[in-house]
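Hi everyone, thanks for coming. I'd like to walk you through one protein model today, and I'll keep it simple, so have the picture ready.

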Amino acid sequence: PPYEVEVHTADGRLMFFEVSAAPLTGSDGSRIGEVAVLHNITERKKGEDRVLLHSRSLAKRREELTGLFQISSASSNTLEIDQLLGQTLEEITSMRAMNVKPEGGIFILEGDQLRLAASINVGDGFIKAHQGLRLGQCLCGIAAKEGEILVSRSCIYDGRHSISYPGMKNHGDIIVPLTAPDGICGVMFLHTEPNINVQARQLKLLRAIGSQLGLAIKNAMLFEETRTLSLHDPLTGAANRNL
């Protein structure tokens, strides 16, 4: 059957040929050689590579949109903030398009401090070290203050990563501000392998998620506040008598 070969030319080009070969026999039927025909298939191979790259790009885009839809569904299906944050973290850390570890969390901005409201696989050392985290402190505090996605390639060698804790292993970070109509309401942090490169399309997707999640958090907070006011007198805090 035909087979393909690669040829590197003297001027540095890479060419592809399809080789079809057949035995050459003498008058007595003995094999005396072989006849081979070469077909230049370089342009065809280039076309196949373009199709493959486009197919992979479409697959990545489809995965990103699927993940965004799942996160959107989680945001719209519940107003319970704990459930909302937990489901969102599970979805994002399991998305292959994100290329992150199954580790991360969400801080809620309360005044000038950030409260860890949800986390996954970060450990007790991390949780204790980040109690009382202030706006502008460490990576999450900086992202919350500046309102921009922050990418760090190493928690050990990045001077902005000012909080350490026992057992901390080297990792990268992606910090995503959670944006509501009235401003930043928190940040989401995701751990990556050290020295990983974050692509522009990933940052674009994370910005969309940050805006979507920020709005969902505000709606959940408003729901919780409304429910609390309906159950208790706003002045005394006592339970309403008509309940």
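I'll start with the overall layout, then go through the hollows, a surface patch and some charged pairs.

Okay, one thing up front: this is a predicted model. Keep that in mind whenever I quote a number.

So, what is the chain built from? It has five helices and nine strands. If you start at the N terminus and read along, the elements go β-β-β-α-α-β-β-α-β-α-β-β-β-α. There are 243 residues in the chain, and 35% of them count as buried.

Now, the hollows. Let's take the largest pocket. Its volume is about 170 Å³. Which residues should you click on to find its middle? Try Glu 103, Val 122, Tyr 165, Gly 167 and Lys 169, which lie nearest the centre of this pocket. In total, 15 residues line the largest pocket. Helix H3, which covers residues 123-129, gives the largest share of that lining, with four residues. As for the chemistry, the lining of the pocket splits into five nonpolar, six polar and four charged residues.

Next, the cavities. How many cavities of 30 Å³ or more are there? The count is two. The largest cavity has a volume of about 50 Å³. Around the largest cavity you'll find Phe 126, His 130, Cys 138, Leu 139, Cys 140, His 161, Asp 173, Phe 189 and His 191. Two elements each give two or more residues to that lining: helix H4 (138-146) and strand E9 (183-192). The largest share comes from H4, with three residues. By class, the lining of the largest cavity has five nonpolar residues, three polar and one charged.

Let me stop at Phe 126 for a second. You've just heard that Phe 126 helps line the largest cavity, and its place in the chain is helix H3. Is Phe 126 buried or exposed? With a relative accessible area of 6%, Phe 126 is buried, because the cut-off for buried is under 20%. Now look across to Tyr 165. Along the chain, Phe 126 and Tyr 165 are 39 residues apart, yet their C-alpha atoms are separated by 6.3 Å. And Tyr 165, remember, was one of the residues nearest the centre of the largest pocket.

The second largest cavity holds about 30 Å³ of space. Its lining is made by Met 98, Asn 99, Ile 174, Thr 192, Ile 196, Asn 197, Val 198 and Gln 202. Here the classes come out as four nonpolar and four polar, with no charged residues.

Right, let's go out to the surface. Leu 24, Ile 32, Val 35 and Val 37 make a nonpolar patch of about 330 Å². Strand E3, residues 31-40, gives the largest share of the patch, namely three residues. Val 37 sits in that strand, and with a relative accessible area of 40% Val 37 is partly exposed.

Last topic: charges. Side chains of opposite charge can pair when their charged atoms come close. How many salt bridges turn up in the whole structure? A search finds 10.

Let's look at Arg 44 and Glu 4. They form a salt bridge in which the closest N and O atoms are 3.2 Å apart. Why bother with this pair? Arg 44 is in helix H1 (residues 42-77) and Glu 4 is in strand E1 (residues 3-8), so the salt bridge ties together parts that are 40 residues apart in sequence. Arg 44 is partly exposed at 39% relative accessibility, and Glu 4 is partly exposed too, at 41%.

Compare that with Lys 45 and Glu 48. Their side chains also meet in a salt bridge, at 3.9 Å from N to O. These two both lie in helix H1, three residues apart, which is about one turn of the helix. Lys 45 counts as buried at 17% relative accessibility, whereas Glu 48 is partly exposed at 38%. And here's how the two pairs connect: Glu 4, Arg 44, Lys 45 and Glu 48 are linked in a network of salt bridges.

One more pair before I sit down. Arg 160 forms a salt bridge with Asp 158, and their closest N and O atoms are 2.7 Å apart. Arg 160 is partly exposed, at 36%, while Asp 158 is buried, at 15%.

That's my tour, thanks for listening!

Notes
Residues numbered from 1 in each chain as written. Predicted model: local features only at pLDDT ≥ 70, side-chain atom pairs only at ≥ 80, totals over all residues. Heavy atoms only, no water. 1 Å grid on protein atoms, 1.4 Å probe; cavity = no way out; pocket = protein on both sides within 12 Å on 5 of 7 lines; lining within 4 Å. Points joined across faces, edges and corners; volume = space filled by probe spheres on them. Nonpolar A, V, L, I, M, F, W, Y, C, P; charged D, E, K, R; others polar. Patch = residues over 30% accessible without salt bridge, like charges linked within 9 Å, V, L, I, M, F, W, Y side chains within 5 Å. Areas by Shrake-Rupley, 256 points an atom, 1.4 Å probe, with all protein chains shown as cover. Salt bridge = Lys/Arg side-chain N within 4 Å of Asp/Glu carboxyl O. Buried < 20%, exposed > 50% of the residue type's maximum accessible area, 1.4 Å probe, protein only.
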